[in-house]
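Got your viewer open? Let's take a short walk through this one, a stop at a time.

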Amino acid sequence: MKKIFIPTPLDTEIVLPKETTHHVLHVFRHNINKPIMVTGSDQRCGLYTIVEEVQGEARAELIEFIEINPASYRIVLVQSLLKGDKLEWVLQKATELNVDTIYLVATANNVVKYDRKKLEAKYSRWEKIMLEAAQQCGRTQLPTLVIDETLPSVLAIEKKALQLVAYENECGYSIKQALQNNKNIQDVLICIGPEGGFQENEINDIIKSGGQSVTLGTTILRAETAAITALAMMQYELEL
């Protein structure tokens with residue numbers, strides 16, 4: 001079943017934006033006799049039938065609202081800023097791996113530097129990448145993207161989470177062990193460094209705030225590979 005997101009609350013009748021209408025009816029070639037699943041800005045989800053297309057916008061009528069059972073856990077990715085194509089790849093794949101929240105933070109060894117204006121200009125593109133990934137993989141909820149917090153503030157905001165940091169000098173403690181030792185935890189956070197890695201003082205600050213360093217294996221991974229590897233490990237341990 002085709003799943004889409006719209007930027008307005010759900011109602012008994014909704015209008016799909018032109019871009020979404022074009023994607024559903026003319027790119028995906030959705031059969032209007034089949035229902036579609038829609039998630040609105042109010043986080044509700046419903047089954048709809050497309051009734052007609054008027055001036056590029058589809059009008060759809062409600063079949064029924066669908067109750068969404070929340071996951072028993074929440075995964076948070078704290079990703080140091082990466083070069084454009086690498087970061088976009090991480091956002092796309094993290095969405096497919098069911099991450100709940102992504103914080104993009106500036107750290108000492110960032111290769112790329114974004115000022116506030118550039119970050120805001122990139123934000124809509126990053127959100128679109130995550131939206132398209134969520135629709136492609138059939139998610140019913142969009143992940144949250146946060147770009148205006150520092151690493152220390154994120155750790156404070158997510159203080160109830162099990163906080164982990166991928167560190168190439170950690171030899172013995174794995175994500176599997178961390179999750180097995182904290183079976184009742186509901187929120188799991190993983191910090192991934194930039195292309196140049198975290199500085200030692202940043203690792204120490206994360207550990208001082210209650211975090212634990214974990215290994216992702218015997219090889220040193222690229223930053224974008226590390227992010228997806230860590231999320232896949234978490235998904236396996238928590239779901240499979």
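Start with the sheet: show the strands and you'll find 5 of them in an open sheet, running in the order β1-β3-β4-β5-β2 with mixed pairing. Keep in mind that this is a predicted model. Now color residues 3-5 and 13-16: these are β1 and β2, the edge strands, and each pairs on one side only. Turn the view and look for the twist, which averages 40° from one strand to the next.

Next, select residues 45-54 and 57-66. Those are β4 and β5, an antiparallel pair joined over 9 bridges. Want a single bridge to look at? Pick Glu 53, whose partner in β5 is Ala 58.

Keep the sheet on screen and add residues 18-27. That's helix α1, and it packs on the sheet, where it touches β1, β2, β4 and β5. Try lining up your view with β4: the direction of α1 makes about 90° with that of β4.

Time to move along the chain. Select residues 223-239 to bring up helix α7, then pick out Ala 227 inside it. Is Ala 227 buried or exposed? Ala 227 is buried, because its relative accessible area is 0%, and the cut-off for buried is under 20%.

So who's around it? Show Gln 79, Val 90 and Ile 192: these are the residues Ala 227 contacts once you set aside its neighbours within four places in sequence.

For a last stop, draw a distance from the C-alpha of Ala 227 to the C-alpha of Glu 120. The two sit 107 residues apart in sequence and 23 Å apart in space.

Key. Residues numbered from 1 in each chain as written. Predicted model: local features only at pLDDT ≥ 70, side-chain atom pairs only at ≥ 80, totals over all residues. Heavy atoms only, no water. Pairing = 2+ DSSP bridges. Helix = DSSP H or I, 4+ residues; strand = E, 2+ residues; numbered from the N terminus. Axes fitted to C-alpha atoms, helices over the stretch in contact; angles between N-to-C directions. Contact = heavy atoms within 4.5 Å. Buried < 20%, exposed > 50% of the residue type's maximum accessible area, 1.4 Å probe, protein only.
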